[in-house]
Amino acid sequence: FLRHKNLPPKIQQAARQQMLHSAKRAPHLVHHCLDSLPSTLKNRIIDKYMSDWIGDLDIFRNMDENFRSHLLSMCHPVLLHPDEFLFRSKESATAMYFLIKGELMMLDETELELEPRHPKIIARYRRGDLVGEVGLFPDTCPFRTHSVKCKGPAPAELLELRRSDFHLTIKPLYPDIYQTIKDLAMARMVFQDNAAKACLTNLAIVSKRRTVALR
């Protein structure tokens with residue numbers, strides 16, 4: 001399919017890597033043999049074979065088993081290589097992520113434009129952290145406010161929960177989980193607002209310095 005569509009080789013390679021990663025971490029997304037089973041049994045099977053990958057993380061280990069198995073059945077594995085962006089500032093936000101392995105950096109996009117080799121790091125994400133949960137609430141913030149990329153030197157592995165699944169499934173069936181993630185997102189928004197104000201102040205200082213230097 002990829003060859004027939006004449007896609008650039010780099011895109012073909014990235015697609016193959018993601019598909020192989022999905023087949024390894026969440027084979028039910030690639031092979032649909034479990035679809036004929038009752039949903040409860042299917043989710044329990046998914047929970048068992050994904051537990052070796054995510055089982056030692058507190059956020060999953062401490063979850064109710066029924067909720068965890070249902071959540072994992074909705075999530076999509078993501079493989080991110082060093083220096084590869086998970087998302088960029090101003091992009092439309094459509095999902096949140098659980099960081100399973102590796103480390104990510106939140107970058108100030110203004111600093112990234114001014115100093116692409118030395119961007120300002122606003123925050124770091126490590127195993128077990130939630131990433132991009134603000135994007136689940138488009139009424140609050142429909143676009144990404146910052147960029148997030150893989151720090152390296154090792155690749156990062158994540159689970160993606162899409163906004164549609166969050167609102168159509170998590171909200172009505174698990175309202176307490178929905179509210180907890182919403183509270184976290186609102187708290188993160190306050191942090192990002194403060195970070196944005198600091199960045200604007202820094203931008204004004206940098207611009208003033210450059211103006212003085214040109215005189």
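Of the contacts in this chain with a separation of 6 or more, 76% are between residues 24 or more positions apart, and I would like to keep that figure in mind as we go through the fold. What we have in front of us is a predicted model, so every value I quote is computed from that model. The chain has seven helices and eight strands, and buried residues make up 40% of its 215 residues.

Let me take the sheets in turn, beginning with the one that contains strand E3. Here four strands form an open sheet in the order E1-E8-E3-E6, with antiparallel pairing. The edges are taken by strand E1, residues 76–80, and strand E6, residues 130–131, and each has a single partner strand, so one side of each is left without a neighbour in the sheet. Between E3 and E6, which run antiparallel, there are two bridges, and if you look for Tyr97 you will find that its bridge partner in E6 is Val131. Two helices then pack on this sheet. Helix H2 touches E1, E3 and E8, and its direction makes about 135° with that of E8; helix H4 also touches E1, E3 and E8, with its direction at about 95° to that of E8.

That packing brings me to the interior. Which residues have the most contacts inside the largest nonpolar core? They are Phe60, Leu71, Phe98 and Leu159, in a core of 31 residues. The elements that contribute two or more residues to this core are helix H2 (39–54), helix H4 (65–74), strand E3 (95–101), strand E8 (156–162), helix H6 (163–173) and helix H7 (175–214). As a general remark, in soluble globular proteins nonpolar side chains tend to be buried together. Apart from this core lies another, of 17 residues, among them Leu80, Leu99, Leu104 and Met106.

Phe98 is a useful residue to centre the view on. Setting aside residues up to four places away in sequence, Phe98 touches Ile59, Phe60, Leu71, Cys75, Asp129, Leu130, Glu157, Leu158, Leu159 and Leu161. One of those contacts, Cys75, is buried, with a relative accessible area of 0%. Cys150 is likewise buried, with a relative accessible area of 0%, and the count of disulfides in the model comes to zero.

Staying with the elements of the larger core for a moment, consider helix H6. Phe166, Thr169 and Ile170 are buried in H6, and, seen down the axis of H6, its buried residues fall within an arc of 120°, so they line one face of the helix. On the other side of H6, Leu168 and Pro172 are exposed. The general background is that an α-helix has 3.6 residues a turn, so residues three or four places apart point the same way.

Now to the other sheet. It is again an open sheet of four strands, in the order E2-E7-E4-E5, and the pairing is antiparallel. The edge strands are E2, residues 85–87, and E5, residues 121–125, each of which pairs on one side only, and the twist averages 30° from one strand to the next.

Strand E4 deserves a slower look. E4, residues 104–107, is joined by four bridges to strand E7, residues 147–150, and these two strands run antiparallel. Four bridges also join E4 to E5, again antiparallel. Taking individual positions, Leu104 has Tyr125 as its bridge partner in E5, Met105 has Lys149 as its bridge partner in E7, and Met106 stands opposite Val148 in E7. Which way do the side chains of E4 point? Leu104 and Met106 point one way from E4, while Met105 and Leu107 point the other way, and all are buried. In a regular strand, the side chains alternate between the two faces of the sheet.

I will finish with Phe143, which is found in the loop between E6 and E7. Is this residue buried or exposed? At 47% relative accessibility, Phe143 counts as partly exposed, because the exposed class is reserved for values over 50%. Leaving aside neighbours within four places in sequence, Phe143 is in contact with Lys90, Glu91, Ser92 and Ala93. The C-alpha atoms of Phe143 and Arg88 are separated by 9.5 Å, although these residues are 55 residues apart along the chain. That returns us to the opening figure, in which residues 24 or more positions apart account for 76% of the contacts with a separation of 6 or more.

How values were computed: Residues are numbered from 1 along each chain as its sequence is written. This is a predicted model: local features need pLDDT of at least 70, side-chain atom pairs count only at pLDDT 80 or more; totals for chains, interfaces and linings use all residues. Side-chain values use heavy atoms; hydrogens and water are left out. A nonpolar core is a set of buried Ala, Val, Leu, Ile, Met, Phe, Trp, Tyr and Cys residues joined through side-chain atoms within 4.5 Å. Buried means under 20% relative accessible area, exposed over 50%, partly exposed in between (1.4 Å probe, protein chains only). Contact means heavy atoms within 4.5 Å. A disulfide is a pair of cysteine sulfur atoms within 2.5 Å. The arc is that of the directions from the helix axis to the C-beta atoms. Two strands pair if DSSP finds at least two bridges between them. Axes are lines fitted to C-alpha atoms, for helices over the stretch in contact, and angles run from 0 to 180 degrees between N-to-C directions.
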